[in-house]
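The following exercises concern aromatic contacts and pocket lining in a predicted model. Each task is followed by a worked solution.

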Amino acid sequence: MPQRNYLHIFIGFLFLFLTIGSLFFLVRTLRKTETVTPFSKNFTSEQKVKILFPKKKNSDTLKKIVSGILSKKFDTYSVVVQSYAEDFSLRINDSLIFTAASINKLPIVVTLYDAVQRENLKLEDTATIQADDIQAYGTGSLQYEGSGGIYTLKTLARLMINESDNTAAHVLGSKVLGLSVIQKKIESLGLISTSMDDNTTTNYDMAFLFKKLSDGAIVNSKYTQEIFGFMKNTAYEDRLPVLLPKDAVVYHKIGTALGEIHDIGIVSTPKTTYYVGILTKGTLDETDGSKVIGEVSKQIYDFMIND
């Protein structure tokens, strides 16, 4: 009988030792894990504990909030929220196809940097703006510079993303890379509903693209951080970022077409990091539509940072 008791005690202590050891190993692994994105450094120990012991959020609660706001302004909308710090996602009409507008500048920039990483191009290579390259509409400063300007591919990429420059996008997309090359690349990444020729996309595809980029699954750490750097403090901060506090850093890309207003990106805060994409149809008032997207973004932020 005493031997049996000793055996039980030994097994109990062994089980306790293994459990504590496993938790210690997981915590050390999380501490040592480094991703390539600029916002990954904002992860706190609180976030890491959330990953181990998550408190489940109710997506139906958030869905009711955002739908209540968007349905008053837009005929059609899509919202995706995907946490990078815990097991939470909200998907409303994520497979619905929208006019991508300037959102499809993101496939251009990732294809460019992929080509640079493969040494098919160099960021220091230059392109000369021809008269027929100038896109005399919409966003961007190059349309006012006239023809003859010489720019590096990196400068064109920065202008295309940070200022949403249409001329830079035309030169990179149609002249330097080619739309067929970009299409082939994004299909190889798994974007199943994005068309460069038709200029269409879905929230599902964009959420997928942001996750692959943030995971370092497209280009290396240096290039990934450079791309995200272009999406920070852009010329258009009146949608997703506008109502968020200063400690919330937003890496995003807007898109605007006739009757369609979009903004997609990653919000990084000291408490959490998440993808948010808001695509809309049904208003010709860009200013008011942008304001509504900002209001929804703030509601999502408040929901995501609260335990």
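**Exercise 1.** Is Phe-210 buried or exposed, and why?

*Solution.* The relative accessibility of Phe-210 is 1%. Buried means under 20% relative accessible area, so Phe-210 counts as buried.

**Exercise 2.** Classify the ring pair of Phe-210 and Tyr-275, and place it in the chain.

*Solution.* Step 1: the ring centres of Phe-210 and Tyr-275 are 5.6 Å apart, and pairing requires centres within 6.5 Å. Step 2: the planes stand at 50 degrees, so the pair is tilted. Step 3: Phe-210 belongs to helix H8 (residues 203-214) and Tyr-275 to strand S9 (residues 273-281), so the pair ties together parts 65 residues apart in sequence. Step 4: Tyr-275, at 0% relative accessibility, counts as buried. Step 5: Phe-210 and Tyr-275 share one aromatic cluster with Phe-228 and Tyr-251.

**Exercise 3.** Which lysines lie over the rings of Tyr-84 and Phe-98?

*Solution.* Over the face of Tyr-84 lies Lys-211, at 5.4 Å from the ring centre. For Phe-98, the charged end of Lys-281 sits over the ring, 5.1 Å from its centre.

**Exercise 4.** Describe the largest pocket and its lining.

*Solution.* Step 1: the space in the largest pocket is about 550 Å³. Step 2: its lining comprises 23 residues, and those closest to the centre are Ala-101, Ser-102, Lys-105, Tyr-137 and Asn-166. Step 3: helix H4 (105-117), helix H6 (166-177) and strand S7 (249-257) each give two or more residues; H6 gives the most, with five. Step 4: by class, the lining has twelve polar, eight nonpolar and three charged residues.

Conventions:
Residues numbered from 1 in each chain as written. Predicted model: local features only at pLDDT ≥ 70, side-chain atom pairs only at ≥ 80, totals over all residues. Heavy atoms only, no water. 1 Å grid on protein atoms, 1.4 Å probe; cavity = no way out; pocket = protein on both sides within 12 Å on 5 of 7 lines; lining within 4 Å. Points joined across faces, edges and corners; volume = space filled by probe spheres on them. Helix = DSSP H or I, 4+ residues; strand = E, 2+ residues; numbered from the N terminus. Nonpolar A, V, L, I, M, F, W, Y, C, P; charged D, E, K, R; others polar. Phe/Tyr/Trp six-rings, centres within 6.5 Å; stacked < 30°, edge-to-face > 60°. Buried < 20%, exposed > 50% of the residue type's maximum accessible area, 1.4 Å probe, protein only. Lys NZ or Arg CZ within 6 Å of the ring centre and 35° of its normal.
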